[in-house]
Structures are given as structure tokens and as C-alpha cells.
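Q: I have a structure open here and would like to go through it with you. Could we begin with a single residue and work outwards?

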Amino acid sequence: MPEFPSARADTEQVRTPPERACDLLDSASLRSDLHGRSVVDLGSGTGVLAIGAALYGADRVRGVESDPAAVELARSAADRLGATVEWIVGDVSTFRERAHTVVMNPPFGAQRRHADRPFWEAAFTAARKRIYAFASPDSRTFIAAQAVERDWHIDETRSVVWPFPRTFPHHRKPRTELAVDLWVLSVSDPP
Ligand code: SAH
């Protein structure tokens with residue numbers, strides 16, 4: 001999947017590395033949340049999660065992304081790979097449709113505090129069954145509190161290593177590694 005050609009720091013355009021995209025997609029596939037399911041990728045960027053979901057056999061995949069240039073890259077990558085995805089240029093906070101599964105790698109709020117919050121709000125609203133999301137370990141309390149408040153179940157919080165090449169001008173080292181959380185949350189079954 002293409003890198004962001006000129007990644008914007010303000011919206012934290014950070015592509016999910018392929019190995020981490022596989023972690024998320026494998027986890028969703030093992031829980032039967034991709035094949036034959038509807039999937040929404042919030043902040044789909046250059047498309048790795050949405051395209052991956054389609055290639056894992058999802059029935060209907062939508063990618064919502066505010067940057068039209070990223071959507072164009074995602075669209076051509078999907079065409080090249082024969083993946084069917086509906087690309088929606090727009091803000092996640094105005095997205096009102098629902099899907100069985102939500103996948104996302106939202107901004108972590110490192111540049112703009114709480115930039116992840118509209119994504120979590122949108123994810124809890126859009127997902128009928130499960131959310132798969134990457135997040136900063138700094139957001140643990142917030143996400144856990146949101147899950148409890150909405151009566152969602154935390155299936156898994158896994159710490160994964162995130163290789164991070166120099167992306168933004170304020171990055172000093174050519175490459176670094178971060179610890180990132182992969183969250184799996186589901187709607188609680190009725191009693
Ligand atoms: N899902 C991709 C991109 C992750 S980076 C991947 O995993 O590789 C986060 C993406 O969210 C960026 O493409 C950024 O442009 C987009 N974004 C940031 N704020 C947004 C908003 N409010 N609505 C929609 N997209 C947004």
C-alpha cells in the first residue's frame with residue numbers, strides 16, 4: 001500500500017505498517033468479523049485496512065477519509081489489487097452509516113490533543129458488533145472508560161511494536177519503534 005507522499009503532521013497521517021495491518025486483519029478474520037461482513041475503515045488514508053478487509057472476503061467495505069489525495073491513492077491501489085471498496089471523502093464525525101465491523105488507525109492525538117476522540121465516537125456509533133483499532137497507550141484510560149460507559153466489552157488489548165520511519169519534520173531519528181495498543185471491543189450480548 002502506498003505511503004502518504006507528503007504526510008500531514010496535523011492530521012497524523014501515519015500509514016499502518018503491513019505487519020501490523022496483518023495483525024489487525026488476522027484478529028478480525030479469526031473472530032469471523034471480515035468474511036461476508038460489512039466493514040467500515042474510519043480514516044482510511046491510503047487504504048491498507050479497507051483493502052485488506054476486502055481481500056479477506058468482506059462483503060461490503062467503506063473507507064471514510066477527509067484527504068481527497070489519500071483517497072485517490074487508495075482507489076488506485078484497490079483497483080490494482082482487484083479489491084472492491086467504496087471510498088467516501090468526508091469527516092468521520094459526519095459519517096452516519098453502520099457496519100458489522102469497524103477498523104481504524106486514527107490519529108493518536110500526539111499532534112492535536114484528543115484528535116482520536118471523534119474517531120472513537122464514530123466507531124462506537126457505526127459498529128454493530130466489533131471495533132478493531134490501534135491507539136496510543138496514553139489513551140488506555142479514555143478508551144476503557146468509553147467502553148464501560150457504553151456497555152461494550154473489551155475482548156483484547158494487545159501491545160504491538162510499531163516500526164516508525166522518519167515521517168514528520170519534527171522527527172529526529174531516521175527510524176524508531178513505538179509501542180502501540182491494538183484494541184478489540186464488542187457490543188455486549190444482551191443478558
Ligand atoms: N487507515 C490508514 C491511515 C491512518 S492515518 C492506515 O491505517 O494506513 C489516519 C488517517 O485519518 C489519515 O489519512 C488522515 O487524513 C485521516 N483523518 C484525520 N482526521 C480525519 C477526520 N476527522 N475525518 C476523516 N479522516 C481523518
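Q: Leaving out residues up to four places away in sequence, what does Asp-33 touch?
A: Asp-33 touches Ala-28, Val-39, His-100, Thr-101, Lys-129, Arg-130 and Tyr-132, with residues up to four places away in sequence not counted. Please bear in mind that this is a predicted model.

Q: Where is Asp-33 found?
A: Asp-33 belongs to the loop between helix 1 and strand 1, the latter spanning 38-42.

Q: Buried or exposed, that Asp-33?
A: Asp-33 counts as buried because its relative accessibility is 1%, and the cut-off for buried is under 20%.

Q: Let us turn to the ligand. How many residues surround it, and which are the closest?
A: The ligand is surrounded by 21 residues, and Gln-13, Thr-16, Gly-43, Glu-65 and Val-92 are the closest.

Q: How does that shell divide into nonpolar, polar and charged?
A: The shell around the ligand has 7 nonpolar, 9 polar and 5 charged residues.

Q: Which polar atoms approach the ligand, starting with Thr-16?
A: Thr-16 places a polar side-chain atom 2.4 Å from an oxygen atom of the ligand. For Asp-91, a polar side-chain atom lies 3.2 Å from a nitrogen atom of the ligand. Val-92 contributes through its backbone: an N or O atom there is 3.0 Å from a ligand nitrogen atom.

Q: And how much of the ligand's accessible area does the protein cover?
A: On its own the ligand has 570 Å² of accessible area, and the protein covers 95% of this.

Q: On to the interior. How many residues does the largest nonpolar core have, and which have the most contacts inside it?
A: The largest nonpolar core has 30 residues, and Leu-24, Val-61 and Trp-87 have the most contacts inside it.

Q: Which elements each supply at least two residues of this core?
A: On the helical side they are helix 1 (18-30), helix 2 (48-55) and helix 3 (68-81). The strands are strand 5 (127-135), strand 6 (152-165) and strand 7 (175-187). Helix 2 gives the largest share of this core, 6 residues.

Q: What does Trp-87 touch, leaving out residues up to four places away in sequence?
A: Trp-87 touches Ser-44, Gly-47, Ala-50, Ile-51, Gly-63, Val-71, Ala-74, Arg-75 and Ala-78, with residues up to four places away in sequence not counted. Apart from the largest core lies another, of 24 residues, which includes Met-104, Trp-120, Ala-135 and Phe-142.

Q: Back to helix 2. How many of its residues are buried?
A: Helix 2 is mostly covered, with 7 of its 8 residues buried. The buried ones are Val-48, Leu-49, Ala-50, Ile-51, Gly-52, Ala-53 and Ala-54.

Q: What covers them?
A: The cover over the buried residues of helix 2 includes helix 1, strand 1, strand 2 (60-65), helix 3, strand 3 (86-89) and strand 4 (99-104).

Q: Why does Ile-51 count as buried?
A: Ile-51 counts as buried because its relative accessibility is 0%.

Q: What follows helix 2?
A: Helix 2 is followed by Gly-57, whose phi is positive, near 100°.

Q: Which residues have a positive phi although they are not glycine?
A: His-114 is one of them, with a phi of about 70°. Asp-151 is another, with a phi of about 65°. His-114 sits in the loop between strand 4 and helix 4 (117-126), while Asp-151 sits in the loop between helix 5 (140-149) and strand 6.

Q: How accessible are they, His-114 and then Asp-151?
A: His-114 is partly exposed, at 34% relative accessible area. Asp-151 is exposed, at 55%.

Q: One last region, strand 7. Which side chain makes a polar contact with that of Asp-181?
A: The side chain of Arg-140 makes a polar contact with the side chain of Asp-181, at 2.7 Å. Asp-181 is in strand 7 and counts as buried, at 1% relative accessibility.

Q: And where does Thr-157 lie?
A: Thr-157 is part of strand 6 and is partly exposed, with a relative accessible area of 38%. Its contacts, neighbours within four places in sequence aside, are Asp-181, Leu-182 and Trp-183.

Notes
Residues numbered from 1 in each chain as written. Predicted model: local features only at pLDDT ≥ 70, side-chain atom pairs only at ≥ 80, totals over all residues. Heavy atoms only, no water. Near = heavy atom within 4 Å. Polar contact = N/O pair within 3.5 Å; in protein donor to acceptor, adjacent residues only side chain to side chain. Areas by Shrake-Rupley, 256 points an atom, 1.4 Å probe, with all protein chains shown as cover. Nonpolar A, V, L, I, M, F, W, Y, C, P; charged D, E, K, R; others polar. Core = buried A, V, L, I, M, F, W, Y, C linked by side-chain atoms within 4.5 Å. Buried < 20%, exposed > 50% of the residue type's maximum accessible area, 1.4 Å probe, protein only. Helix = DSSP H or I, 4+ residues; strand = E, 2+ residues; numbered from the N terminus. Contact = heavy atoms within 4.5 Å.
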